[in-house]
Amino acid sequence: MKIESLDVLKAKEQLDLQEQTRRDDTFNSLISINKQISELGVFPALGWVWCFDIIKDIFDNHQEADADVTDEVVPDGTTLQEIFETFYRDIDTLGLQMDHGGEILEEVIRDWMNGNGFLMYIEEEDLDDE
């Protein structure tokens, strides 16, 4: 029979308390997020959140033209608000469905952003500058 020291038992208890705190914080955050999503006023609200998250991720990660990192860039002067307003207008024409999955949804949104001039291939922007 192995008897652990009091310090080891306290360390295990502390980790459990940390995990418990993390779990409780996550629960409270999810309650808050759920409440905000249910008050959005668009349907399906979770679909809108998912699409906006993809748009914002593309927008945030394509601000600078760096061919070593990406082959696309958001043109200078383009705002997230401008992209959202156009997306809001066009959403019914995109045929988006929650069961498409993340990769297909991102591809559709990326193509839509490119078709609306919100995302350009770096070579295209370089040609416009010349």
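**Note on helix packing and selected residues in a predicted model**

1. Helices α2 and α3 lie oblique to each other, a description that applies to a predicted model. Their axes cross at roughly 140° and come within 11 Å; because angles over 145 degrees count as roughly antiparallel and those from 65 to 115 as roughly perpendicular, an angle of roughly 140° belongs with the oblique cases. The crossing of α2 and α3 is right-handed. On the α2 side the contact is formed by Trp48, Cys51, Phe52, Ile55, Lys56 and Phe59, and on the α3 side by Leu80, Ile83, Phe84, Phe87 and Tyr88. Sorted by class, the residues of this contact comprise 10 nonpolar, no polar and 1 charged.

2. For a reader new to this chain, the overall layout may help at this stage. The chain contains 5 helices and 2 strands, and their order along the sequence is α-α-β-α-α-β-α. Of its 130 residues, 25% count as buried. Among contacts with a separation of 6 or more, 68% are made by residues 24 or more positions apart.

3. The second helix pair to consider is α2 with α4. Helix α2 spans residues 45-61 and helix α4 spans residues 102-115, and the two pack at an angle of about 60° with their axes 10 Å apart. This pair, too, is described as oblique; the reason is that an angle of about 60° is neither under 35 degrees, where helices count as roughly parallel, nor within the 65 to 115 degrees that count as roughly perpendicular. The crossing of α2 and α4 is right-handed. Here Trp50, Cys51, Ile54, Ile55 and Ile58 of α2 meet Gly102, Leu105, Glu106, Ile109, Arg110 and Met113 of α4. The residues of this contact divide into 8 nonpolar, 1 polar and 2 charged.

4. Which residues have the most contacts inside the largest nonpolar core? They are Ile55, Ile58, Ile83, Phe87, Ile109, Trp112 and Met113, in a core of 17 residues. Helices α2, α3 (80-90) and α4 each contribute at least two residues to this core, and the largest share, 6 residues, comes from α2. Ile109 deserves a separate remark, since it appears both among those core residues and in the contact of α2 with α4. When neighbours within four places in sequence are left aside, Ile109 is in contact with Cys51, Ile54, Ile55 and Ile58.

5. A charged residue, Asp90, should be examined alongside the core. Asp90 lies in helix α3, and its relative accessibility is 12%, so it counts as buried, the limit being under 20%. Not counting residues up to four places away in sequence, Asp90 touches Trp112 and Asn116; of these, Trp112 is listed among the core residues with the most contacts.

6. A point of backbone geometry also calls for checking by eye. Most peptide bonds are trans, whereas the bond from Phe43 to Pro44 is cis, with omega near -10°. Pro44 is located in the loop between α1 (6-38) and α2.

7. Two residues may be taken together for their accessibility and for their distances to residues further along the chain. Asn61 belongs to helix α2 and is partly exposed, its relative accessible area being 47%. The C-alpha atoms of Asn61 and Val74 are 8.9 Å apart, and 13 residues separate the two along the chain. Ala65 is found in the loop between α2 and β1 (72-73). Is Ala65 buried or partly exposed? Its relative accessibility is 45%, so Ala65 counts as partly exposed, a class that runs between the buried limit of under 20% and the exposed limit of over 50%. The C-alpha atoms of Ala65 and Ile122 are separated by 6.3 Å, although these residues are 57 residues apart along the chain.

Terms used
Residues numbered from 1 in each chain as written. Predicted model: local features only at pLDDT ≥ 70, side-chain atom pairs only at ≥ 80, totals over all residues. Heavy atoms only, no water. Axes fitted to C-alpha atoms, helices over the stretch in contact; angles between N-to-C directions. Helix = DSSP H or I, 4+ residues; strand = E, 2+ residues; numbered from the N terminus. Left-handed = near helix turned anticlockwise from the far one by under 90°. Contact = heavy atoms within 4.5 Å. Nonpolar A, V, L, I, M, F, W, Y, C, P; charged D, E, K, R; others polar. Core = buried A, V, L, I, M, F, W, Y, C linked by side-chain atoms within 4.5 Å. Buried < 20%, exposed > 50% of the residue type's maximum accessible area, 1.4 Å probe, protein only.
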